[in-house]
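Biologist: Can you pull up the model for me? I want to go through the ligand site and then the sheet.

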Amino acid sequence: MVVILLGPPGVGKGTQAVRLAEELSAAHVSTGDLLRAARREGTDLGRKAQGFMDRGELVPDGLILDLVREHLSSFDVGTPVLFDGFPRTEDQATGLDELLDEMGRSVDLVVLFEADDEVLVKRLSGRRSCPEDGSVYNVYFNPPETEGVCDRCGTDLVHRKDDNAETVARRLQVYQDETAPLIAFYGEHDAPLERIEADREVDDVFADFRRTVSTGSAGDRAPRERAEGRG
Ligand code: AP5
């Protein structure tokens, strides 16, 4: 099973992916998390990615595809995979198809999470993350028990550098310009695409997400909403 979580910054892709990956024992492949890890470790990739990420621009496709290829080789070929924040351009989507093809796999389902920009801006301004274990909180919607401290491991939470107002505005624009065209791309390439209204409680979004993935990956995809004509 290969599922792509598509949607703008702050819509909740990471929140939902972590939960479902745990439930399904699936690999959660977040290129954003992989890039932040590379930055923390001070690798060559981390240094190359830094400026793009801080400006809210996309990291070049070649670097991303190399990163994903290397990461996929680290687990068994049949492992269910949830891609979060990848692909983000048509070249990445084509590269992913080629990569999966080499492995005898293909994209089973694309899930598009949607919410209005004002919701996204509020979520991103309130997000706090644990640099140690990756837990995500929100000062408005999901605060930690002790302010500024991770419930799970006690590490001080951080406000992501790219969650400032100026960079968030840029990221939303980059999403519209470079990633939203993937909605039509997957429609044209006949990959099933399902939409989920993400401006609801986390548990309600998750219930829809789980149902959508279990239906989509079981081969019985009705009712299916095609992107064609709706993107
Ligand atoms: P990345 O880390 O992927 O960021 P993003 O796509 O902008 O997504 P976010 O992590 O901001 O949001 P999310 O949808 O995961 O929301 P979350 O669950 O955290 O990428 C960062 C940068 O890396 C990019 O700008 C780019 O430079 C680079 N990059 C990464 N991948 C790349 C690629 N493939 N190609 C090129 N460059 C790439 O939730 C957000 C907040 O809302 C949290 O506080 C959460 O608690 C809260 N929340 C979630 N759901 C709900 C809900 N239902 N109700 C209330 N609050 C909620």
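Modeller: Here is the ligand site, followed by the sheet. This is a predicted model, where local features need pLDDT of at least 70, side-chain atom pairs count only at pLDDT 80 or more, and totals for chains, interfaces and linings use all residues. Residues are numbered from 1 along each chain as its sequence is written, and side-chain values use heavy atoms, with hydrogens and water left out.

Biologist: Which residues come nearest to the ligand?

Modeller: Thr15, Glu57, Arg88, Arg127 and Arg171, out of 35 residues around the ligand. Being near takes a heavy atom within 4 Å.

Biologist: What does the side chain of Gln92 do there?

Modeller: One of its polar atoms lies 2.9 Å from a ligand nitrogen. A polar contact here is a pair of N or O atoms within 3.5 Å.

Biologist: How much of the ligand does the protein cover?

Modeller: 95% of the 1000 Å² of accessible area that the ligand has on its own. That is by Shrake-Rupley with a 1.4 Å probe.

Biologist: Which element gives the most to the shell?

Modeller: H2, with four residues. Helices are DSSP runs of H or I, at least four residues, and strands are E runs of at least two, numbered from the N terminus.

Biologist: Now the sheet. What is the strand order?

Modeller: E2-E3-E1-E4-E7, an open sheet with parallel pairing. Strands pair if DSSP finds at least two bridges between them.

Biologist: Which strands stand at the edges?

Modeller: E2 (27-30) and E7 (193-197). Each has a single partner strand, so one side of each has no neighbour in the sheet.

Biologist: And what is the partner of Leu5 in E3?

Modeller: Asp84 is its bridge partner.

Methods. Polar contact = N/O pair within 3.5 Å; in protein donor to acceptor, adjacent residues only side chain to side chain.
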